[in-house]
Amino acid sequence: MRADNDAFVLQVSRLSKRYGTGCPSCYALTGPEADSNVCPRCGSIVACHDVGFDLEEGEILGIVGESGSGKSTLVRCLYFDEEATGGEAYLAAHGGGTVNLFAETAQRKRHVRNHLMGMVYQNPLLGIKPHFTAGGNVAEKLLTAEFYNYGAIRQRAATLLTRTEIPLGRMDDFPAHFSGGMQQRVQIAKALANNPPLLFLDEITTGLDLSVQARVLDLVKEIQRELGIAMLVVSHDLGVIRMLADRTAVMKNGRIVEIGLTDQIMEDPQHRYTQLLVHSML
Ligand SMILES: Nc1ncnc2c1ncn2[C@@H]1O[C@H](COP(=O)(O)OP(=O)(O)O)[C@@H](O)[C@H]1O
Ligand SMILES: [Mg+2]
Ligand SMILES: [Zn+2]
């Protein structure tokens, strides 16, 4: 069993994200019971509310739920793509885990995002730049002092691309000439560039062919084993979550309705919505 004093990488508590002007009833009138994330009084969208969890060292936590349940909003808030409306997040690697990331200055957030986090988006174009080569994309993210000269940067980029199974002969090609699976592998190489303790992966295999999907998921699993990096893996597909995640949080209408060991959730789902999700997969 997990103990409260286990080493955590990321701690999130009471995270909320609301789109719209809001009213005092937004949170009470939305959620799984209301089966909606739209406030009937003011029309605001409660994309996430009261979301909390810990991510431990070396752990993969899955976030699963139907389209619109708030999964991407959650990771986008944690990666500072969006500003959270409320709540707190702590990284062990930043200020000893005592500083609420959401209260940090823009400059500090940028530092955290660049050095302590990696992100892999569903849409490769959000994570890689089309006018940079594969190697150039990885190099762009290499910010640490070790890589100060061209040769060292190129060497590190080559190592990362090789690790994500991009042939070195393709290093100087542009991402537009890559298959969908290869584009995702370039995104993964880039996300790993600064050796962050934490990686976010949002629907990274959605839309890929099944065989390509399986290879990308295998790669993620291998990298996790090798580097011991903690990961937050988001997918609407319980199959992906079952393959990767040690623990799983189930989201519905912006709330976590259930969180626990993935095996337990698959075998003995507690929440009615999770039961539907699991049974629809069988
Ligand atoms: N920029 C935005 N403005 C308004 N509503 C948004 C915005 N982004 C997401 N939403 C809404 O927030 C809810 C959660 O979306 P999202 O986090 O993308 O869900 P998921 O990733 O689980 O499919 C949805 O109702 C979506 O329409
Ligand atoms: Mg999404
Ligand atoms: Zn409202």
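This is a tour of two sheets, a surface patch and some cysteines in a predicted model.

**Stop 1: the sheet of three strands**

Select strand β1, residues 8-19, then add β2 (45-56) and β4 (86-91). Together the 3 strands form an open sheet in the order β2-β1-β4, with antiparallel pairing. The edge strands are β2 and β4, each of which pairs on one side only. On average, neighbouring strands of this sheet are turned by 10° against each other, direction ignored.

Now look at the pairing of β1 with β2. The two run antiparallel and are joined by 8 bridges. To find your place along the pair, pick R18, which stands opposite V46 in β2.

**Stop 2: a patch on the surface**

Stay with β1 and select Y19, which lies in that strand. Is Y19 buried or partly exposed? Y19 counts as partly exposed because its relative accessibility is 32%, and buried would require under 20%. Add V38 and I45 to the selection: with Y19 they form a nonpolar patch on the surface. The accessible area of the three together is about 220 Å².

**Stop 3: the sheet of six strands**

Move to the other open sheet, whose 6 strands have the order β5-β6-β7-β3-β8-β9 and mixed pairing. Its edge strands are β5 and β9 (255-261), and each pairs on one side only. Here neighbouring strands are turned by 15° against each other on average, direction ignored.

Within this sheet, select β3 (residues 60-64) and β7 (residues 230-235), which pair in the parallel sense over 5 bridges. I63 stands opposite V234 in β7.

Next go to the edge strand β5, residues 117-120. Which way do its side chains point? M117 and M119 point one way, while G118 and V120 point the other way. All of these residues are buried. Strand β5 runs parallel to β6 (residues 198-202), and 4 bridges join the two. In this pair, M117 stands opposite L198 in β6.

**Stop 4: the cysteines**

Finish by selecting C42, C77 and C48. How many disulfides does the structure hold? The count is 0. For C77, the nearest cysteine sulfur is that of C48, at 5.9 Å. C77 is therefore in no disulfide, since a disulfide needs the two sulfur atoms within 2.5 Å.

Compare the surroundings of two of them. C77 counts as buried because its relative accessibility is 0%. C42, at 29% relative accessibility, counts as partly exposed.

Conventions. Residues numbered from 1 in each chain as written. Chains lettered and ligands numbered in written order. Predicted model: local features only at pLDDT ≥ 70, side-chain atom pairs only at ≥ 80, totals over all residues. Heavy atoms only, no water. Buried < 20%, exposed > 50% of the residue type's maximum accessible area, 1.4 Å probe, protein only. Pairing = 2+ DSSP bridges. Patch = residues over 30% accessible without salt bridge, like charges linked within 9 Å, V, L, I, M, F, W, Y side chains within 5 Å. Areas by Shrake-Rupley, 256 points an atom, 1.4 Å probe, with all protein chains shown as cover. Salt bridge = Lys/Arg side-chain N within 4 Å of Asp/Glu carboxyl O. Axes fitted to C-alpha atoms, helices over the stretch in contact; angles between N-to-C directions.
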